[in-house]
Amino acid sequence: MILLTLKLLLAHFIGDFMLQPSHWVDDKLEKKWKSKYLYWHIGVHLILLLVLLQFQYLGIVGIIIATHYLIDLGKLTFTNEKNYRWLFVVDQVLHLLVITGVIYLLTPFDIDFETLFVEKNLLFITFLVFVTYVSGILMRMLLAPYIAEILKAEDPDEGGSLKNAGKYIGMLERLFVFGFILTDQWAAIGLLITAKSVFRFGDLNKGKNRKLTEYVLIGTLLSFGLAILSGVVYNYLTDIL
C-alpha cells in the first residue's frame, strides 16, 4: 500500500507542479474547457500514472484521470481574483481525497480514532494551538499599550508592511523554537534570533525609530519566551504521562 501511495502522490506532484508551466495555467484560466493545455495537462498525468504503475491498475488510472479532469474543470469554471487561492486548496484536497479513495478500494484500511486521540496526541495538538494562535493573541494584548505609539512614530515615507505579515512571522518563529526544543536543538534557537536580528538591522539602526526598536525587542523576547516555555512544559508533561 505504501509503494502504491508513493507512486500516485509522485505522479500527482510531478504532473500538477513540476510539469505544468505557468503559461498553461494562464491559458486554462482564460479559455476554460476550450484550452488545449487542459487536455495536455490531463495527458501528462495519464502518461505519468501509466509509467509509474507499469500499465497496471488501469481501472484506478481511469478513475484518477476522469476525476482529475472534472475537478480541474470545476476549479477553472468558478475561479476569480477573489477566490483563486481557496479554490487551489480545495482542488488539491479533492485530488488527494481521490487518491486516498482509490487506495482504499485496492487495500481497505481502518482509521483508529481512539488511538488518534490519546493523551500524548491531544497534548501535542494543544501546545501547537497555544504556540501559534493563543500566544499571538496574548502578545497582542500585552503589547497593546505600545502599538498606538509605534504607529504615530512610524515614518509614512517608508511604506507599510504586508497584511498579517507580523502575525505569520510570529507563528513561524514560535513553531521553529518549539520544534528545536522538542528535538533538543537549543543552539538553533540562537541562530534563529541572530537571523531575525540581521533582517531587522535596517529598522533598528535608525535613531528616530527607538520606540520601534524597543517594541521589536519586547515582542521578540515575548515570542521566544512563550515558545521556550511551551517546549519545556510540553517535554515535562510528556515525560510524566
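**Entry 1: Trp-24.** I looked up Trp-24 and noted a relative accessibility of 11%, so this residue counts as buried, given that buried means under 20%. I record here that the model is predicted.

**Entry 2: the partner of Trp-24.** I then asked which residue forms an aromatic pair with Trp-24. I found Trp-40, and the pair is edge-to-face. The ring centres are 5.9 Å apart, with 75 degrees between the planes. I assign the pair to this class because planes over 60 degrees apart count as edge-to-face. Trp-40 has a relative accessibility of 45% and therefore counts as partly exposed.

**Entry 3: placement of the pair.** I located Trp-24 in helix α2, residues 22-31, and Trp-40 in helix α3, residues 36-52. The pair therefore ties together parts that are 16 residues apart in sequence.

**Entry 4: other aromatic residues.** I noted a count of 12 aromatic pairs in the model. I also found one aromatic cluster formed by Phe-124, Phe-127, Phe-178 and Tyr-234.

**Entry 5: Ile-181.** I turned next to Ile-181, which lies in helix α8, residues 165-182. Is Ile-181 buried or exposed? Its relative accessibility is 2%, so I enter Ile-181 as buried.

**Entry 6: surroundings of Ile-181.** I listed what Ile-181 touches, leaving out residues up to four places away in sequence. The contacts are Trp-186, Ile-189, Ala-227, Ile-228, Gly-231, Val-232 and Asn-235. I also checked Tyr-234, a member of the aromatic cluster in Entry 4. Tyr-234 is 53 residues from Ile-181 along the chain, and their C-alpha atoms are separated by 9.5 Å.

Methods:
Residues numbered from 1 in each chain as written. Predicted model: local features only at pLDDT ≥ 70, side-chain atom pairs only at ≥ 80, totals over all residues. Heavy atoms only, no water. Helix = DSSP H or I, 4+ residues; strand = E, 2+ residues; numbered from the N terminus. Buried < 20%, exposed > 50% of the residue type's maximum accessible area, 1.4 Å probe, protein only. Contact = heavy atoms within 4.5 Å. Phe/Tyr/Trp six-rings, centres within 6.5 Å; stacked < 30°, edge-to-face > 60°.
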